[in-house]
Amino acid sequence: MSQASAHIIDDDEAIRDALEWQFRTRGVPCTLWPSSEAFLQAWQPNWRGCIVLDIRLEGISGLACFDILRGRHCNLPVIFITGHGDVPMAVGALKKGAFDFIEKPFNDNELVELVQRAMAHDAERQRAAADRGTVESRLATLTAREREVMELILEGKYNKVIADELAISMRTVEAHRSRVFDKMQVRSAVELAQMLATLRG
């Protein structure tokens, strides 16, 4: 997994340099891009962090870049830098899933804090995805019968009821229950239910 970074896309070199200095003095890793084209050409699906994107750029505009990234299923939070006249466009981008926007002239500290929130949001999303992946991989180890038993456990049914419903012995139910708990790495039905809730999150 790549290191999290704030990707700054702006065609004004002075702004890029100023933001780089501001971010680095606050300990926020950043990467500079002079155009949407340069960023899109280099973009990798495993990148982490966030994107700071000027809404008006030469060539591919910030909005067009955002649309392309959405088309590529890029989930990095995007913060737009806007001029006063661009606010309606930025609000439209928010409705399409942008993280936030900040209006020029902006307070440098305000932008850094916004970027830190965006990066924390991305990190939390990654943790949630990793949790879901772990649960799914454990579920994949269950046999069809163990899944049946697990579903009945989650419904709160006792071993005797499960045995009757599946036409198997109590001892067999207990063995399946034990294997389900072992494979899912939980100690109780409550813990199992909490784990499976991550798939619905």
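Student: Which residues of β4 are buried on one side, and which on the other?

Tutor: V78, F80 and T82 are buried on one side of β4, with I79 and I81 buried on the other. Buried here is under 20% relative accessible area, exposed is over 50%, and partly exposed lies in between (1.4 Å probe, protein chains only). Before we go on: this is a predicted model, where local features need pLDDT of at least 70 and side-chain atom pairs count only at pLDDT 80 or more, while totals for chains, interfaces and linings use all residues. Residues are numbered from 1 along each chain as its sequence is written, and side-chain values use heavy atoms, with hydrogens and water left out.

Student: Why is β4 described as largely enclosed by the rest of the structure?

Tutor: Of the 5 residues of β4, 5 are buried, so the strand counts as largely enclosed. Helices (H or I, at least four residues) and strands (E, at least two) are DSSP runs, numbered from the N terminus. For one member of β4, F80, the relative accessibility is 0%, so F80 counts as buried.

Student: What makes β3 and β4 a pair of strands?

Tutor: Pairing asks for at least two bridges found by DSSP. There are 4 bridges between β3 and β4, and the two strands run parallel. One of the partnerships is that of L53 with F80 in β4.

Student: How do you know that D54 is buried?

Tutor: Its relative accessibility is 4%, so D54 counts as buried. D54 lies in strand β3. Leaving aside neighbours within four places in sequence, D54 has contacts (heavy atoms within 4.5 Å) with I9, D10, G62, I81 and K104. The UniProt record, an unreviewed entry, annotates D54 as "modified residue: 4-aspartylphosphate". UniProt positions follow the numbering used here and feature names are shortened, and such annotations may be inferred rather than shown by experiment.

Student: What does UniProt place at residues 5–119?

Tutor: The unreviewed entry gives the feature "domain: Response regulatory" there. In the model, the end C-alpha atoms of residues 5–119 lie 8 Å apart, and the span is 44% helix and 22% strand. S5 belongs to strand β1 (residues 4–9). With 7% relative accessibility, S5 counts as buried. Neighbours within four places in sequence aside, the contacts of S5 include P29, R48 and M119.

Student: Why are the buried residues of α3 said to be on the same side of the helix?

Tutor: In α3 (residues 62–71), the buried residues are G62, L63, C65, F66 and L69. They cover an arc of only 160° around the axis, which puts them on the same side of α3. The arc is that of the directions from the helix axis to the C-beta atoms. These residues pack against α2 (36–42), β3 (48–54), β4 (78–82) and α4 (87–95). After α3 comes H73, which has a positive phi, near 60°.

Student: How do the buried residues of α9 sit around their axis?

Tutor: L192, M195 and L196 are buried in α9. Seen down the axis, they fall within an arc of 95°, so they line one face of the helix. V190 and Q194, on the other side of α9, are exposed. Among the elements covering the buried residues of α9 are α5 (108–139), α6 (144–154) and α8 (170–184).

Student: Why is the pair of W33 and F39 given its particular class?

Tutor: The whole structure holds 4 aromatic pairs. The centres of the W33 and F39 rings are 5.5 Å apart and the planes stand at 80°, so this pair is edge-to-face. Rings of Phe, Tyr and Trp (its six-membered ring) pair if their centres lie within 6.5 Å; planes under 30 degrees apart are stacked, over 60 edge-to-face, and the rest tilted. F66 and F80 also form an edge-to-face pair, at 5.5 Å centre to centre and 75° between the planes. That pair links distant parts of the chain, with F66 in helix α3 and F80 in strand β4, 14 residues apart. F66 has 2% relative accessibility, so F66 is buried too. W33, F39 and W47 make up one aromatic cluster.

Student: Which element has the lowest mean pLDDT, and which the highest?

Tutor: pLDDT is the predictor's confidence in each residue, from 0 to 100. Helix α9 (residues 189–197) has the lowest mean among the elements, 86, and α2 the highest, 97. The protein averages 91, and 98% of the residues score at least 70.
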